[in-house]
Amino acid sequence: MTQETGGFVAFNLNPNILAAVIATGYEEPSAIQQQSIPIIMAGHDMIGQAQTGTGKTAAFALPILHRIDPAKREPQALILAPTRELALQVATAFETYAKQMPGVTVVAVYGGAPMGPQLKAIRNGAQIVVATPGRLCDHLRRDEKVLATVNHLVLDEADEMLKLGFMDDLEVIFKALPATRQTVLFSATLPQSIRAIAERHLRDPQHVKIQTKTQTVTAIEQAHLLVHADQKTSAVLSLLEVEDFDALIMFVRTKQATLDLASALEAKGYKAAALNGDIAQNQRERVIDSLKDGRLDIVVATDVAARGLDVPRITHVFNVDMPYDPESYVHRIGRTGRAGREGRALLLVTPRERRMLQVIERVTGQKVAEVRLPDAQAVLDARIKKLTNSLSPLVADAESTHGDLLDRLTADIGCTPRALAAALLRKATNAQALTLAAIEKERPLVPNNAPRGDRPERSGDRPERSDRERRAPMPLGEGRARCRTALGARDGIAAKNLLGAILNEGGLAREAIGRIQVRDSFSLVELPEDGLEKLLTKLKDTRVAGKQLKLRRYRED
Ligand code: AMP
């Protein structure tokens, strides 16, 4: 065990949980984990103010796993999440942390999947139930005792649940749980509606909030790029093509990620190495020395391993994984811009992490501008510039040393000097793609395909429009189809109800759903054209506000 896992050891978690945490490669608890784990382990109710990216899932999952009794084959903990996507993510996290706890099982309960197997898994003794509120209420309607043994409840992203219109469902669920249970509520924001829930349903809760002080960062140019988690490596490779860097440090969250990314970079010919807490101190020092003297250009590190790292050559910091808090962001980007030099910091942001970006901007008092992936033209220009820079110093005396040889070779081969020079270039560049068409073919990512807005439409955000404009459907987003339901405002429907129902029953990601327009007697929803028929079949029996949704493709003409 490395010294860094000491942070987790201090919690006195069940050794099987600790072993699983160490196996995942976490080096030390994040701030929210540091504060929440002891409180939840001690059985208190708690309100945690934290958003995605702070490590909040482990902050409740580890102590909840510690508190359950694996020998009892019945639901003991219920985690409520606003969307199917998050429920699955949380369930997977629980499975990871429970990997070495024999007999512990986790079930994810969400709409859009058959109810039978979910109920069976609960009845078969899954101790952890991770659910979206709508589907859980469906189960409760069939069996009101299904949650009778639950003594730990976690509301994850409580503010999102309310935004999606799950208030009534939550009340039903609270009633179905034993009053003596422990309740933990996590929310990025604490509006009055959340405080009211806490007041009614939590007992003497302790508050946990990550304190954020304003920090100053100067001389560092900051930018962010929106990207899906599984596209990070390709995005990093694209960015490296066009960023003019001397030495660069990349931050990721786990030891494994340092190894994976460093080897992906090495495979592309970069002089890169990993730096993590498993690497012995003298070896770490060797890595840093190599970065200092140019034997290495890129180091991929965890926060812990990069502590105290001071290398003036570093011109760039890539935050490949989001830091847990703004302080750590400021700390990380401070690795560049040393000794009064200019530095550049790039942050990769997944759709769920956009809130964290806003927090960083607020705390640092600076806007972190958005950049897009370089397009093929930019990559080509950058490659040619590098080639020009590497060849131009060689040209000066080459003719005197190798000119005669060139004449002889062209004569022997029977080709033009241009043909020979082209062949030599191909060899010297390792057949690297150096035309637009070739670059487009090799690039797995299309620039500007980054995930965009995933927020439901809120009419309050829009400037006043004329009545006619308001009635006319808005232009349709690319790759989307407009669908219509006969449910509208007069049926008590709001955009958030539609969004919640479609997300959970349809099993879509937030960003897949476009604009939602609620009129008095009907509503329009933009859905992905791709797979639409299947989706509509899936939503066939969906009910919103007690009424059948009956969503159909809508043709404007
Ligand atoms: P969350 O804020 O719970 O969505 O967590 C964000 C990411 O951080 C997930 O990929 C977790 O696996 C990872 N993570 C959580 N805690 C730690 C930790 N202590 N060290 C490294 N990674 C972590």
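Trainee: At what angle to S13 does helix H15 run?

Mentor: This is a predicted model, in which local features need pLDDT of at least 70 and side-chain atom pairs count only at pLDDT 80 or more, while totals for chains, interfaces and linings use all residues. Residues are numbered from 1 along each chain as its sequence is written, and side-chain values use heavy atoms, leaving out hydrogens and water. Helix H15, residues 354-364, lies across S8 and S13 (DSSP runs numbered from the N terminus: helices H or I of at least four residues, strands E of at least two). Its angle to S13 (between N-to-C directions of lines fitted to C-alpha atoms, for helices over the stretch in contact, from 0 to 180 degrees) is about 150°.

Trainee: Which strands stand at the edges of the sheet?

Mentor: The open sheet has 7 strands, with parallel pairing (at least two DSSP bridges), in the order S10-S11-S9-S12-S13-S8-S14. Each edge strand has a single partner, so one side is left without a neighbour in the sheet. They are S10 (272-275) and S14 (369-370).

Trainee: Which residue is the bridge partner of Met250 in S12?

Mentor: S9 (247-251) and S12 (314-319) run parallel, joined by 5 bridges. Helix H14 (326-333) packs on the sheet, touching (heavy atoms within 4.5 Å) S8, S9, S12 and S13. In S12, the partner of Met250 is Phe318.

Trainee: How far is an oxygen atom of the ligand from an N or O atom in the side chain of Arg253?

Mentor: Gln33 offers a side-chain N or O atom 2.7 Å from a ligand nitrogen. Lys56 has a backbone N or O atom 3.2 Å from a ligand oxygen. For the side chain of Arg253 and a ligand oxygen, the distance is 2.3 Å.

Terms used:
A polar contact is a pair of N or O atoms within 3.5 Å; within protein, one must be able to donate a hydrogen and the other to accept it, and residues adjacent in sequence count only if both atoms are side-chain atoms.
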